[in-house]
Amino acid sequence: MATVVEAPPMPELGSDPNRGLWSWITTVDHKRIGILYGLSAVIFFIVGGIEALLIRLQLIGPNLDLLSPDAYNQLFTMHGTTMVFLFIMPVGAAFGNYLLPIMIGARDVAFPRLNALSYWTFLSGAIFISSSFFLGGFPDGGWFGYAPLSTQPEVVRMDFWAIGLLLLGVASLLGAVNFITTILVMRAPGMTMFRLPVFVWMQLVVAFLLLFSLPIITVGLFEVLFDRNFSTNFFQAANGGDPILWQHLFWLFGHPEVYILILPAMGIVSEVLPTFSRKPLFGYQFVVFAGAAIGFLGFGVWAHHMFTAGLGPVAETAFALSTMTIAIPTGIKIFNWVGTTWGGDIRLTSPMLFSLGFIAMFTIGGLSGVTHSVVPADTQQTDTYYVVAHFHYVLFGGAVFGIFAGVYYWFPKIVGRLLHDGLGKIHFWLMLIGFNLTFGPMHILGLNGQPRRTYTYGEDLGWDFWNQLATVGAFVIALSVLLFLYNAFRSLRGGEEAGPDPWDARTLEWSTSSPPPAHNFDEVPVVTALDDFWHRKYAEDENGLPVRLDTEPFDPSALPDDGVERHIHLPSPSYHPIVVSLGLLTVAYGFIYLPAGFLLVVPGLILMLWGIFGWALEDIDHPMRGAEPLEDESEVAADMGGGEDDGD
Amino acid sequence: MTAALKSPRTRRLLLVGAVVALALILSACGGDDLPQNTLSPRSERARNIDDLFKLTLIIAGIIFVAVQGAILVSVWKFRRKKGEGDKPVKQVHGNTRLEIAWTIAPAIILAGIAVPTVQTIFENAETGENAMHVTVVGHQWWWEYQYTDFTRPDGGPLLTANELHIPVDTEIALTLTADDGDVIHSFWIPNLSGKRDVVPGHVNTLTISADETGEFYGQCAEFCGLSHANMRLRAIVQTQSEFDAWLAGQLAEPNLPAAGEASLRAEGWDLFLVKGCAACHTVNGTDAAGGGPNPGPNLTHVASRGTFAGALYDFNTDNLSRWLADPSALKPMEPDLNRGMPNLGLADDEITALVAFLEGLT
């Protein structure tokens, strides 16, 4: 088991269509796109983390001037924007892209080229927002961009923010359409909706949340841009506009967004906990329904972000009650996760520790969330560090711990090598301690009256000690992340070989080699049960105990390493998606510098149109596909239970 | 993790650590050295909020202990020990009764929180008929108060800045708004009440009171740009007679140098009128009429205030001199964008004269 073998060769430029930079640029393979999303997210996690460390350094004591207020405002705006839109969301897309088709027994997503467009547009948006640093400074109006502060027109910064978010929104919307279609129509034979892994269910809920919430923020962002650039009056009180309108639009998107961030992590731990408890997920249907209920209710609670805006006692009551209701499905999930471990054969591996940490920390965030639904209490807590503590317990203690559970869990599937478990455990404990040191004290700071988004505080306010502790904690977190990065590099260079099923896991992705071949499965699996792969390995005796079946041990070496030799039809690579994204990016820069920017808008539009036409007219037997036309194409398509898989 | 717990020494250490942590947290939550603490209510409304929060906190605490306890017990009890192989464990798929139970139980608990929540929402929204009225206007980055129940002898409004004087045991009905060209702020004095947003084009209300005299800290709680952190305020709660005396002082004519007076402060008053101060700042009944696109605080009785610049600095000669020499060095502002005070490029002797004048505006 512990054989250390040579690392797989790194991709390099070359003529081979499956290797080299060009192959990554033109790839439409959901796994490669997943990896691209993941690597981008890691980079922005580091960027957002450095921003956080600078913020914490500034706040280590009262009246410090390490950062100017302007720099501080830019940093907290970008920390929020980066972590939400450039880290957690793309990580969800990374896991979804890589795993979702394999978990449902498909060979790719429904629209592979659209998938590539989604990634390149995401990257364009991310580069666009980040590049503002070199073009006049980061946006500084907060990640929530409250009008009319965000529409004060003097600087271009919030234009970067608004247009950047629009680009990211396009990317997410494309991804959502793709995931919904993939899950609904690409499932392997026998993979009914109630045999879908919970991770896939949660991705489905997230995709619907994106589909319904993104149009709302899109409208809002356009209104901000128009107020800023064309003197419209959506949010300008002087001309009859209403600043509160922005808050409704933003939070009608923003609250579902919170669930967009947390549900993928909930899906991840719902996969990890059963595997390392060697038990099925407790109350599968209830966990699925609870997830869907959270998504549904998430659209009815937005005004709890506005309890001090002056909505009046009746509206405050209504949103207090709807917000409390969300605690019920959330509780159901937590109880079912604990129920999954109960009576299990618990292996405390790194992914399991992160999943358990997720439940524990997310519970704290959930409980402080209930105190926010208590409107009178919220009027004291909102916009203080208590809220900062709350949502970091949800989004760091929850989403990030869930993400790391997923990374340790699926890294061997994606790379073929295990991460070092001992280092992983140290990473977990350091991160757990650092996290609680950082964000635990913030509850107290908030209750003691420290408002958020303030670059400094007086020495007479009594906030020094807990701020110092929080800063120390932040550096402990940073240390744990460095340890993780070391662990990842170590494993990439030559970690322990994973084999196809290192965890004795339950779902289909473990039934193929690690990493999976380009076509995922030699034969499209026929699914007969929930946790189908587990049931191929184990039967249950009359006492409900698992009995190992005498199946053939899995031999990945018997598999080919790409689809060409097996003559399995795979979608052709295409450079049109990146051309369309580049066109969009050019238009975006042009908009910033109107009217001179028309010199960029026009070529950008031409580039986009060229990409779209080229895409529409693309020859499916394009020479770039790197394989001969296949004789058994129709047969494979029939196997997949769907039509052409490159028919987007 | 679990192996370490076995040693009695580490367990004792953990216990001591937990007790110390708890003591630290409790001491941090209650102390008198926390002038902006939400947990030290000094009014009926703030106490209503505090009681409700503590009730919620206790319920949340019980659930916290139950859930974390269940996780720890489950992991402790069912963990695979060193050297053990795969254990065949019963493949339980769920339990409908349990599911129903842990759906209904939280619903009941939440209902128990919801009832007092709704009661308090409506209770705190009520305002008595005898309340005193004050209009609060949020500016980037200072607070203006208009005592609308009182009029100056010359008919003008009673205006002051940053320090809100109120009589003890009296309901104050605040009307909160901001100028059309300004941004959203949030008015907050934690000891006395929760916060209420101050929105351009909107008129919000908030009723506060205080049941003891003293100085209570507050600050803007909605991000309002560059100097959001410096938009602080004080509530100065006085006995009725103290308040009446203060009121009389505010309603009085400004203490100006006599015409032709040859003094430092007379020089300062001349400079005030010619150096541009008067374009933004008002001194009641004089040519210093303020207004303009970037109004600053009314300075008629500025020397009666303990602080200035968004309640950021004590009102004294040294601070005033530094302020006049370079305002944005003390409180970052954007005067070029009509937000905050510009640097007027004053010479040292001009500053001395201006400070002498200002200190006379009692």
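# Exercises on a predicted two-chain model

In this predicted model, the contact between the chains takes 80 residues from chain B and 77 residues from chain A.

## Exercise 1: The side of chain B that touches chain A

Determine which element of chain B supplies the largest share of the side that touches chain A, and describe that side by residue class.

Solution.

Step 1. List the contributing elements. Those that each supply at least two residues to this side of chain B are α2 (8-30), α3 (44-78), α4 (96-125) and β7 (196-198).

Step 2. Identify the main contributor. The largest share, 16 residues, comes from α3(B).

Step 3. Sort the residues by class. The side of chain B that touches chain A has 43 nonpolar, 25 polar and 12 charged residues.

Step 4. Consider the confidence scores for the complex. The predictor gives an ipTM of 0.92 and a pTM of 0.92.

## Exercise 2: Two helix pairs that share α7(A)

Classify the packing of α7(A) with α12(A) and of α6(A) with α7(A).

Solution.

Step 1. Recall what is needed. Two packed helices are described by the angle between their axes and the distance between the axes.

Step 2. Take the pair α7(A) and α12(A). Helix α7 (residues 243-277) and helix α12 (residues 385-415) of chain A pack at an angle of about 45°, with their axes 8 Å apart. That angle makes α7(A) oblique to α12(A). The crossing of α7(A) past α12(A) is left-handed.

Step 3. Examine the residues of this contact. From α7(A), the participants include A:L261, A:I262 and A:A265; from α12(A), they include A:G398, A:A399 and A:G402. By class, the contact of α7(A) with α12(A) has 13 nonpolar residues, 3 polar residues and no charged ones.

Step 4. Take the pair α6(A) and α7(A). Helix α6 (residues 198-230) of chain A packs with α7(A) at an angle of about 165°, and their axes are 8 Å apart. Because angles over 145 degrees count as roughly antiparallel, α6(A) is roughly antiparallel to α7(A). The crossing of α6(A) and α7(A) is left-handed. The residues of this contact divide into 24 nonpolar, 5 polar and 2 charged.

## Exercise 3: The two sheets of chain B

State the strand order of each open sheet in chain B, and name its edge strands.

Solution.

Step 1. Begin with the sheet of 5 strands. The order is β3-β2-β1-β5-β8 (chain B), and the pairing is mixed. The edge strands are β3 (157-161) and β8 (204-208) of chain B, since each pairs on one side only. From one strand to the next, the twist averages 25°.

Step 2. Look at one pairing within this sheet. Strand β2 (residues 142-151) of chain B pairs with β3(B) in the antiparallel sense over 5 bridges. Here B:E144 stands opposite B:A161 in β3(B).

Step 3. Turn to the sheet of 3 strands. Its order is β4-β10-β9 (chain B), with mixed pairing. The edge strands are β4 (163-167) and β9 (214-219) of chain B. The twist of this sheet averages 25° from one strand to the next.

Step 4. Look at one pairing here. Strands β4(B) and β10 (residues 232-238) of chain B run parallel and are joined by 5 bridges. The bridge partner of B:E163 in β10(B) is B:R234.

Step 5. Add the helix that lies across these strands. Helix α5 (residues 240-251) of chain B lies across β4 and β10 of chain B, and runs at about 130° to β4(B).

## Exercise 4: Backbone exceptions in chain A

Locate two cis peptide bonds and a residue other than glycine with a positive phi in chain A.

Solution.

Step 1. Recall the usual case. Most residues other than glycine have a negative phi, and most peptide bonds are trans.

Step 2. Find the cis bonds. The bond from A:A147 to A:P148 is cis, with omega near 0°, and A:P148 lies in the loop between α4 (112-131) and α5 (157-185) of chain A. Another cis bond joins A:S514 and A:P515, with omega about -10°; A:P515 lies in the loop between α14 (464-494) and α15 (532-537) of chain A.

Step 3. Find the positive phi. A:S231 has a phi of about 55°, and this residue lies in the loop between α6 and α7 of chain A.

## Exercise 5: Confidence along the chains

Report the average pLDDT of each chain and identify stretches where the pLDDT is below 50.

Solution.

Step 1. Take chain A. Its pLDDT averages 91, and 90% of the residues score at least 70. The pLDDT is below 50 over residues 1-15 of chain A and over residues 622-648 of chain A.

Step 2. Take chain B. Its pLDDT averages 92, with 91% of the residues scoring at least 70. Over residues 1-5 of chain B the pLDDT is below 50.

Key. Residues numbered from 1 in each chain as written. Chains lettered and ligands numbered in written order. Predicted model: local features only at pLDDT ≥ 70, side-chain atom pairs only at ≥ 80, totals over all residues. Pairing = 2+ DSSP bridges. Helix = DSSP H or I, 4+ residues; strand = E, 2+ residues; numbered from the N terminus. Axes fitted to C-alpha atoms, helices over the stretch in contact; angles between N-to-C directions. Contact = placed C-beta atoms within 7 Å. Parallel < 35°, antiparallel > 145°, perpendicular 65-115°, else oblique. Left-handed = near helix turned anticlockwise from the far one by under 90°. Nonpolar A, V, L, I, M, F, W, Y, C, P; charged D, E, K, R; others polar. pLDDT = per-residue confidence, 0-100.
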